[in-house]
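I am opening a notebook page on this chain and want to go from its overall fold to its core, and then to one position in a loop. My entries follow in the order in which I looked things up.

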Amino acid sequence: MVSTMFGLLRRRSPHRDTADRLYAAIAAQARQPALFAELGVPDTVDGRFDVLALHAWMVIDRVRAEPDGEAIAQALFDSMFAHLDVAVREMGAQDLGVGRRIKVMAEGLHGRALAFRTAMADADPAALQDALRRNVFGKTAPDAGALARLAAYVRAAGAGLAALEPAHLHDGALAWPAV
């Protein structure tokens with residue numbers, strides 16, 4: 001009863017359903033086996049977060065182009081980190097360590113987003129590959145062909161998201177290119 005009362009006092013974001021649908025679409029795409037098996041992204045907790053962050057950045061940047069984009073982007077960020085909080089707890093993190101880990105992950109998302117955004121704006125196509133090498137592959141040295149393929153995928157995904165109708169975006173109906 002008490003938790004119900006406190007739940008009523010918290011405002012529910014009008015964009016929460018959209019954010020939850022978008023996060024589900026991002027998470028599903030970030031789990032595509034080809035990213036790990038064919039492109040060589042490390043199939044580790046860190047590698048999976050890096051791929052999730054890559055896809056979240058693309059969608060957050062696309063959402064921001066909408067009239068209510070900042071509010072949707074914030075709701076998406078909140079949805080993503082609520083899910084990550086649960087995942088970290090399920091992996092056995094102690095309650096006192098969860099907040100610290102989530103903070104590190106949030107900072108990591110912001111840092112990666114800045115690196116990817118800057119690289120996409122750079123006229124040199126190698127800038128994106130360099131950002132992907134540093135922020136997706138971690139300490140693993142990716143194959144040059146796989147790195148070029150991931151960069152092409154990111155560019156195609158960005159173009160597809162840019163062309164996405166707002167209604168499809170709000171429905172979470174994201175059309176991703178083949179990996």
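**Fold, core and one loop residue**

I began with the order of elements, and reading along the sequence I found the pattern α-α-α-α-α-α-α-α-α. I note that the model is a predicted one, and that the protein chain has nine helices and zero strands.

Next I looked up the overall dimensions. The C-alpha atoms fill a box of roughly 55 × 40 × 25 Å along the principal axes. I then compared the radius of gyration with what a compact globule would give: for 179 residues that would be near 16 Å, and the protein chain has 17 Å, so the two agree. I also checked how the contacts are spread along the sequence, and of those between residues at least 6 apart, 66% join residues at least 24 apart.

I turned to the surface and the charges. The protein chain exposes about 9,900 Å², of which carbon and sulfur atoms supply 58%, while buried residues make up 43% of the 179 residues. I counted 20 positive and 21 negative side chains, and the centres of these two sets lie 4 Å apart.

Which residues have the most contacts inside the largest nonpolar core? I found Leu-132, Leu-150 and Leu-174 in that role, within a core of 57 residues. The elements that give two or more residues to this core are α2, α3, α4 (45-63), α5 (69-90), α6 (95-121), α7 (126-135) and α8 (144-163), and α4 gives the most, with 11 residues. I wrote beside this that, in soluble globular proteins, nonpolar side chains tend to be buried together.

I followed Leu-132 further, leaving aside its neighbours within four places in sequence, and found that Leu-132 is in contact with Leu-54, Phe-116, Phe-137, Leu-147, Leu-150, Ala-151 and Val-154. Leu-150 thus appears twice in my notes, as a contact of Leu-132 and as one of the residues with the most contacts inside the core.

My last entry concerns Arg-31, which I located in the loop between α2 (16-30) and α3 (33-37). Is Arg-31 buried or exposed? Its relative accessibility is 54%, and because the cut-off for exposed is over 50%, I recorded Arg-31 as exposed. Apart from neighbours within four places in sequence, Arg-31 is in contact with Phe-36 and Arg-48. I also looked up its separation from Pro-177, which is 146 residues away along the chain, and the C-alpha atoms of the two are separated by 14 Å.

How values were computed: Residues are numbered from 1 along each chain as its sequence is written. This is a predicted model: local features need pLDDT of at least 70, side-chain atom pairs count only at pLDDT 80 or more; totals for chains, interfaces and linings use all residues. Side-chain values use heavy atoms; hydrogens and water are left out. Helices (H or I, at least four residues) and strands (E, at least two) are DSSP runs, numbered from the N terminus. Buried means under 20% relative accessible area, exposed over 50%, partly exposed in between (1.4 Å probe, protein chains only). Contact means heavy atoms within 4.5 Å. The radius of gyration is taken over C-alpha atoms; the globule rule is 2.2 Å times the number of residues to the power 0.38. Accessible areas come from the Shrake-Rupley method with a 1.4 Å probe; for residues, only the protein chains shown count as cover. Lys and Arg count as positive and Asp and Glu as negative; His and the chain ends are not counted. The place of a charge is taken as NZ of Lys, CZ of Arg, CG of Asp or CD of Glu. A nonpolar core is a set of buried Ala, Val, Leu, Ile, Met, Phe, Trp, Tyr and Cys residues joined through side-chain atoms within 4.5 Å.
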